[in-house]
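Trainee: I have a model open on my screen and would like to walk through it with you. Could we take it one question at a time?

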Amino acid sequence: MKKIRLGSWFFAAVVLAIGAVGQTAQSNVGAPSSALPPDLLNVGFDPPLNAQMPLDLTFQDETGSNIQLREYFGRKPVLLAFVYYDCPMLCSQLEEGIVNSLKRISFNPGEDYQVIFLSFDPHDTPQVAARKKALATSRYARSGTQTGWHFLTGSETAIQTVTRAANFRYAFDQKTGLFAHASGILILTPEGRISRYFYGIDYPDRDLRLALVDASSGKIGSPIDRVLLLCYQYDPTTARYATAVLRLLRLAGVLTVAALVLGILIFRRRDTTISPPGLSLLKSSVPPTKGRN
C-alpha cells in the first residue's frame with residue numbers, strides 16, 4: 001500500500017513538472033514570425049477598376065523638367081508602376097520583369113503605349129531616375145522606343161495623391177531604412193482610368209497584350225486580338241485573363257449558324273447555275289425544227 005502511494009506521488013510530481021515546463025515554454029514564445037509591425041500591416045495594392053487617376057499632378061521627369069501626368073495621356077494606353085529607385089531588391093526585379101514581359105509582345109513603347117515608373121520616395125532625384133531609364137532602355141534594346149519610357153520623381157504630396165487614387169499602400173520601416181510595399185502594375189486608358197492591373201514581377205505576354213488592347217478600346221492590335229478578347233475575360237479576383245466559357249459558347253453558336261447559312265447559300269447557287277443532266281440529254285435528242293416553205 002505504501003509503494004502504491006509513493007508511486008502515485010511520483011506520477012503526480014512528474015505531471016506537475018511537465019506542466020510547469022510547458023507553461024514556461026509558452027511564456028517564452030514570442031509573437032509569430034509572420035507578424036508585422038503595426039506600421040506595416042496596411043501595406044497592399046488593391047486598385048479600383050475604372051477609377052480616375054489624378055492627371056493634373058506635377059512631377060519631374062528623368063531630365064529634371066516639371067511635367068504633368070496628363071501629358072502622357074490622351075491618345076495611348078499607359079502602363080504605370082510604383083517603385084522607388086534605391087530599392088535593393090523588389091523594385092529592381094519589378095523593373096526587370098516589366099522590361100522582359102514587354103519584350104515578348106510586338107507593341108512598341110511610344111508608338112502604341114506609354115510606360116511610366118513613378119517613385120513613391122520623395123527623396124529620389126531625377127539623376128537616379130535617368131540612370132534607371134538608361135538601364136531599362138538598354139535592356140529593352142528596341143531602337144526608336146526611348147521616348148515611350150518615363151521615370152518620374154515628385155513631392156510627397158503629389159506621390160500620396162496618386163498612390164491613394166490607385167490604392168497602393170506602402171510604409172517606411174525605420175529599422176531597415178527601407179520601404180515595405182507591394183508589387184504590381186496598372187494598365188490605364190488614354191483618359192487615365194484604371195482598366196486592368198496585374199500582381200507580381202512577371203506578366204504573361206498574352207495577358208499584357210490583351211490588357212493594352214482592351215485599355216485602348218481596340219485602337220491598337222490586330223483583328224485576332226479582338227477575337228481573343230471575346231474568348232478571354234479579365235478576372236479582377238485573380239488579376240488574370242481567363243477563358244470566358246459563356247462567350248465561347250455564344251461565339252461557337254454564332255459561327256455554327258453562319259456556317260449553316262453559308263452552306264445553304266452555296267448549294268442553292270450551285271443548283272441554279274448547274275442544269276440537271278437529264279434535261280441536257282432531252283434537249284440534245286429533240287430534232288431541230290425546219291422552217292415552212
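Mentor: Gladly! Keep in mind that this is a predicted model. Let's begin with the pocket.

Trainee: What is the make-up, by class, of the lining of the largest pocket?

Mentor: The largest pocket holds about 310 Å³ of space. It is lined by 19 residues, and those closest to its centre are Phe 120, Glu 156, Gln 160, Tyr 170 and Phe 179. Sorted by class, the lining has five charged, five polar and nine nonpolar residues.

Trainee: Which element gives the largest share of that lining?

Mentor: Start with the elements that give two or more residues to the lining: strand S7 (168–169), strand S9 (178–180) and helix H4 (156–165). The largest share is five residues, and it comes from H4.

Trainee: Is His 181 buried or exposed?

Mentor: First find its place: His 181 is in the loop between S9 and strand S10 (184–188). Leaving out residues up to four places away in sequence, it touches Val 43, Tyr 84, Cys 87, Leu 90, Cys 91, Phe 120, Phe 168, Arg 169 and Tyr 170. The cut-off for buried is under 20% relative accessible area. The relative accessibility of His 181 is 12%, so His 181 counts as buried.

Trainee: Now the open sheet. Which strands stand at its edges?

Mentor: Five strands form this sheet with mixed pairing, in the order S6-S5-S4-S10-S11. The strands at the edges each have a single partner strand, so one side of each is left without a neighbour in the sheet; they are strand S6 (149–152) and strand S11 (194–199).

Trainee: And which helix lies across S4, S5, S6 and S10?

Mentor: Look for a helix running at about 160° to strand S4 (78–83). Besides S4, it lies across strand S5 (114–119), S6 and S10. The helix made of residues 90–103 is H2.

Trainee: How many residues of S11 are buried?

Mentor: S11 runs antiparallel to S10, and five bridges join the two. Although S11 stands at an edge of the sheet, this strand is mostly covered. Of its six residues, the number buried is five.

Trainee: Last one: in the hairpin of S10 and S11, which residue takes a positive phi?

Mentor: Follow the pairing to get your bearings: Leu 186 stands opposite Tyr 197, and Ile 187 has Arg 196 as its bridge partner in S11. Between the two strands there are five residues. The residue with a positive phi near 90° in this hairpin is Gly 192.

Definitions and conventions
Residues numbered from 1 in each chain as written. Predicted model: local features only at pLDDT ≥ 70, side-chain atom pairs only at ≥ 80, totals over all residues. Heavy atoms only, no water. 1 Å grid on protein atoms, 1.4 Å probe; cavity = no way out; pocket = protein on both sides within 12 Å on 5 of 7 lines; lining within 4 Å. Points joined across faces, edges and corners; volume = space filled by probe spheres on them. Helix = DSSP H or I, 4+ residues; strand = E, 2+ residues; numbered from the N terminus. Nonpolar A, V, L, I, M, F, W, Y, C, P; charged D, E, K, R; others polar. Buried < 20%, exposed > 50% of the residue type's maximum accessible area, 1.4 Å probe, protein only. Contact = heavy atoms within 4.5 Å. Pairing = 2+ DSSP bridges. Axes fitted to C-alpha atoms, helices over the stretch in contact; angles between N-to-C directions.
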